[in-house]
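The following questions ask why particular labels apply, and each answer sets a value against its definition.

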Amino acid sequence: MAENVDLTFSFKWSKEHTAQLIKLRGENDELFTGVKHSASVAWGTILEKIGLQGNVTPLQAKKKWDNLKKIYKDCKYPGSGEGVGGKPTAATWPWFVLMDEVLGQRHSTNPPVLIASIPEDTPGPSTAVVDLEVEEKDEEESRSRRKSRKRDREGEMFELIKEDMRLNREAEERRAQESNSWALTFLLNIYY
């Protein structure tokens, strides 16, 4: 796949290609599971959909995405006391709206803000506790799904090993029968 890409060639991303990259990365978030080498395959899939598979490597696409994310976060949360100084802002950066659609609702980018909705002197459950419980439940479900997939893979591997052992045992039994049959034939030929 990447063998045909000239690494000395620097690809110039067009506005259309950048927009497609942002949209497809957001639509295919489930492909980026964190499993080793899954991101490279996912980036390859996205590049194929854009039509850049022979021009851009998955690593270059990842770098482009990382740069877009960095600029997006700088625009969304500018440093205090920082002057504009030619840096893009949410109002001036052309990709802000598109990136905000993709990344804006993620807790890593937009942490939930808690506002008291009852008077302070009224005792009651904390919304922070409820949100924390929901996040813990979501994380536990996610962990459970990962463990389940791992168990499924381990179960498949175990079944393959059992099948291999069964086939080896059958082959050994056939060889033993053939050996016994040969020995019996030999002995019968000697005595008769």
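Q: What makes the pair Asp-29 and Arg-25 a salt bridge?
A: The closest N and O atoms of Asp-29 and Arg-25 are 2.7 Å apart, and a salt bridge is defined as a side-chain nitrogen of Lys or Arg within 4 Å of a carboxyl oxygen of Asp or Glu, so the pair qualifies. This is a predicted model, in which local features need pLDDT of at least 70 and side-chain atom pairs count only at pLDDT 80 or more, while totals for chains, interfaces and linings use all residues. Residues are numbered from 1 along each chain as its sequence is written, and side-chain values use heavy atoms, with hydrogens and water left out.

Q: Why is Arg-25 called buried or exposed, and which label does Asp-29 receive?
A: Buried means under 20% relative accessible area, exposed means over 50%, and partly exposed lies in between (1.4 Å probe, protein chains only). Arg-25 has a relative accessible area of 9% and is therefore buried, whereas Asp-29, with 32%, is partly exposed.

Q: How do you know that Lys-62 and Asp-66 form a salt bridge, and where do they lie?
A: Their closest N and O atoms are 2.6 Å apart, which meets the salt-bridge definition. Both residues lie in helix H3 (residues 58-76), 4 residues apart, about one turn of the helix; helices here are DSSP runs (H or I, at least four residues), numbered from the N terminus. Lys-62 has a relative accessible area of 37% and Asp-66 one of 27%, so each is partly exposed.

Q: What makes Lys-162 and Glu-159 a salt bridge?
A: The N to O distance between their side chains is 3.5 Å, which satisfies the definition. Both lie in helix H5, 3 residues apart, about one turn of the helix, and they are partly exposed, Lys-162 at 40% and Glu-159 at 45%. By the salt-bridge rule the count comes to 7, and Glu-163, Arg-166 and Glu-170 are linked in a network of salt bridges.

Q: Why can Glu-136 belong to a negative surface patch?
A: Patches are made of residues with over 30% relative accessible area and no salt bridge, like charges being joined within 9 Å and nonpolar side chains (Val, Leu, Ile, Met, Phe, Trp, Tyr) within 5 Å. Glu-136, located in helix H5, is partly exposed with a relative accessible area of 46% and so passes the area condition; its patch gathers Glu-135, Glu-136, Asp-138, Glu-140 and Glu-141.

How values were computed. Accessible areas come from the Shrake-Rupley method with a 1.4 Å probe; for residues, only the protein chains shown count as cover. Lys and Arg count as positive and Asp and Glu as negative; His and the chain ends are not counted. The place of a charge is taken as NZ of Lys, CZ of Arg, CG of Asp or CD of Glu. Helices (H or I, at least four residues) and strands (E, at least two) are DSSP runs, numbered from the N terminus.
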